[in-house]
Each structure stands twice: as structure tokens, then as C-alpha cells.
Amino acid sequence: MKETLILNLSTKAGKIMLENGGETYRVERIIKNIGKNFGYNINSYATLTGIISTLETHEKRYLTNTLRIEKRTIDLDKVQKINELSDNIEKFDINEVEDILNNISYQKGYKIFTGVFSYIMISGIFSLLYGGDFKDFIGSSIIGFIIFIYTHFLSNLEINTFFLNGLGSMIIATISIFLNKIGVTSSIDMTIIGPLMLFVPGLALTNAVRDVINGDLMAGLARGLDAFFSATSLAIGTGIIITFFAN
């Protein structure tokens with residue numbers, strides 16, 4: 001049925017948005033916009049962990065689709081492409097929309113070299129921004145490379161984010177203390193803070209505020225709690241290592 005395909009595709013577009021860092025209000029708008037373009041009214045309710053969409057047919061029947069969001073990452077390129085599709089939806093027929101969504105869904109992320117370079121530079125530059133010297137920049141860059149390897153190999157495993165961030169922060173703190181002890185870096189704190197910024201949930205916190213401002217209180221609170229627990233895991237992991245091994 002055409003109605004079923006339209007409902008499934010619009011909900012799939014919303015799912016891609018949520019899985020890659022999109023806000024819930026934007027997800028609901030895109031689902032509604034795709035349905036409207038093909039002549040149907042679709043009402044949707046999106047949260048951090050799922051989407052419920054209902055399409056009203058011309059015969060006054062109702063079709064409902066529910067999708068569970070089981071993984072979340074950050075890929076703003078996919079978010080931008082879904083936004084672009086929604087803004088130009090009138091240019092495509094239903095089959096073209098399906099092909100575009102499949103291409104976006106299976107699109108691979110950045111190449112390994114790009115990821116390594118980004119992790120190294122982000123870690124080192126943040127160390128400088130917070131007051132570190134060139135030696136701290138070098139130490140943070142080394143840790144950034146190690147953290148890339150850590151996240152790259154564990155990203156495909158279904159590991160709880162709280163544990164993943166906590167262990168990552170412990171690795172950062174441990175290596176920072178070691179590099180300081182052997183004289184590679186000048187400050188443990190400045191070496192830690194650079195690579196630690198790789199785990200800071202800045203996008204989640206920003207989206208939480210935007211969801212609350214747009215009236216999506218449930219989604220905003222969920223994102224806020226997600227950001228809070230991520231930050232807590234970073235603090236706990238770093239604090240444990242510094243308390244027992246920094247002196």
C-alpha cells in the first residue's frame with residue numbers, strides 16, 4: 001500500500017535523525033512534512049528512545065508505525081542530508097525518497113585518517129585553550145590518538161555509555177599521570193582536560209535545552225539526564241585515578 005510506504009519512509013527519516021544527533025521537534029516536523037508532500041496527514045511523537053507515527057488515510061483509516069531507537073551517535077552529515085531532503089521533498093517521487101534514505105542510512109562515516117587527525121588535534125588544542133603549554137599539547141595529542149583506538153574498537157560493541165565514558169576517562173587520567181611522571185608533560189590537569197573534551201556531551205546538552213524551549217519537556221529532560229550521567233561518569237573515572245595515583 002502506498003500509505004504504508006509513505007508512513008514507513010517518513011518514520012525512517014526521523015529515526016536516522018534521532019540516531020545521529022537530531023532534535024525531537026525537528027524529527028516530528030520532518031515526518032509531518034514528508035507526509036504532507038504526498039498528500040497525507042502524519043502525526044508523530046518522538047522521544048530519545050523511540051518514534052510513534054500515525055497516518056490518516058483518505059478513507060479515514062489510521063495506520064501506525066513504531067520504531068525503537070536502540071543506538072545513538074553523532075553524525076551531523078546525515079542530519080544535514082535528512083534536513084535537505086525534507087526541504088526539497090517536492091522534487092522527488094516516493095521511490096526516489098526511498099533510495100535517498102537507504103543511501104543516507106548505509107552511508108559510512110569519516111575515514112580513519114580523518115578520525116585520527118580530528119582526535120589528535122581536538123585533544124591538543126583544547127589543552128592549549130585551557131592554559132597548557134606545548135609539552136601538554138604533545139601529551140594530550142598522544143592520548144587523543146590512543147582514545148581514538150579505544151573508541152574505534154569499542155564503538156561496534158553494545159556497551160553502556162556510562163561504562164564506556166568512565167573507562168575512557170580512567171585511561172586518559174592514567175596515561176596523563178604516566179606522561180607527567182616521565183617528564184613528557186608539564187601539568188597533569190592540562191594534559192587530562194584536552195582529550196577529556198572528546199567525551200563531553202555538549203551536543204546532548206544543547207539539544208536538551210532546545211527541546212525544552214520548543215515545549216518537548218519529556219525529550220528535553222531525557223537528553224538532560226543522558227548528558228548528566230555522561231558527565232558524571234567522566235568525573236568519577238578521572239577522580240578515581242587522580243585520587244589514588246596522582247600523588
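The buried residues of helix H4 are covered by elements that include H1 and H3. This is a predicted model, so please read every value below as computed from it. From H4 we move on to helix H5, then to the small set of paired strands, the salt bridges and a last look at helix H10.

**Helix H4 and its covered face**

- Four residues of H4 are buried: Ile 94, Val 97, Leu 101 and Ile 104.
- Looking down the axis of H4, these buried residues fall within an arc of 85°, so they line one face of the helix.
- H4 takes in residues 94-105, and at 1.5 Å a residue its 12 residues should span 16 Å; the end C-alpha atoms are indeed 16 Å apart, in agreement with that expectation.

**Helix H5, from one side to the other**

- H5 runs over residues 112-129, and its 18 residues should span 26 Å at 1.5 Å a residue, which agrees with the 26 Å between its end C-alpha atoms.
- Gly 115, Val 116, Ser 123, Gly 124 and Ser 127 are the buried residues to look for in H5.
- They cover an arc of only 145° around the axis, and this places them on the same side of H5.
- Turn to the other side of H5 and you will find Phe 113 and Leu 129 exposed.
- Helix H6 (134-154) and helix H8 (188-196) are among the elements that cover the buried residues of H5.
- Just past the end of H5, Gly 131 adopts a positive phi of about 110°.

**The sheet and the helix across it**

- Three strands make up an open sheet in the order S1-S2-S3, and their pairing is antiparallel.
- Strand S1 (41-47) and strand S3 (62-68) are at the edges with a single partner strand each, so one side of each has no neighbour in the sheet.
- From one strand to the next, the twist averages 10°.
- S1 pairs with strand S2 (residues 50-56) in the antiparallel sense, over 7 bridges.
- Between S1 and S2 there are 2 residues, and the two strands form a hairpin.
- To follow the register, start with Ala 46, whose bridge partner in S2 is Ile 51, then go to Ser 44, whose partner in S2 is Ser 53.
- As general background, strands of a sheet pair through backbone hydrogen bonds, in a parallel or an antiparallel way.
- Helix H2 (residues 24-37) lies across S1 and S2, and runs at about 160° to S1.

**Salt bridges**

- The structure holds 6 salt bridges.
- In general, side chains of opposite charge can pair when their charged atoms come close.
- Lys 15 and Glu 19 form one salt bridge, with 3.9 Å between the closest N and O atoms.
- These two residues are 4 apart in helix H1 (residues 2-19), so about one helical turn separates Lys 15 from Glu 19.
- Lys 15 is partly exposed at a relative accessible area of 26%, whereas Glu 19 is buried at 15%.
- Lys 81 meets Asp 77 in another salt bridge, at 3.6 Å from N to O.
- Both Lys 81 and Asp 77 belong to helix H3 (residues 76-87), where they sit 4 residues apart, about one turn of the helix.
- Lys 81 is partly exposed, with a relative accessible area of 31%, and Asp 77 is partly exposed as well, with 27%.
- Lys 60 forms a salt bridge with Glu 56, and their closest N and O atoms are 3.0 Å apart.
- Lys 60 is exposed, with a relative accessible area of 58%.
- Glu 23, Arg 26 and Arg 210 are linked in a network of salt bridges.

**Helix H10**

- Ala 222 is found in helix H10 (residues 217-245).
- Its relative accessible area is 29%, so Ala 222 counts as partly exposed.
- The C-alpha atom of Ala 222 is 33 Å from that of Phe 244, with the two residues 22 apart along the chain.

Methods: Residues are numbered from 1 along each chain as its sequence is written. This is a predicted model: local features need pLDDT of at least 70, side-chain atom pairs count only at pLDDT 80 or more; totals for chains, interfaces and linings use all residues. Side-chain values use heavy atoms; hydrogens and water are left out. The expected span of a helix is 1.5 Å times one less than its number of residues. Buried means under 20% relative accessible area, exposed over 50%, partly exposed in between (1.4 Å probe, protein chains only). The arc is that of the directions from the helix axis to the C-beta atoms. Contact means heavy atoms within 4.5 Å. A salt bridge is a side-chain nitrogen of Lys or Arg within 4 Å of a carboxyl oxygen of Asp or Glu. Two strands pair if DSSP finds at least two bridges between them. Axes are lines fitted to C-alpha atoms, for helices over the stretch in contact, and angles run from 0 to 180 degrees between N-to-C directions.
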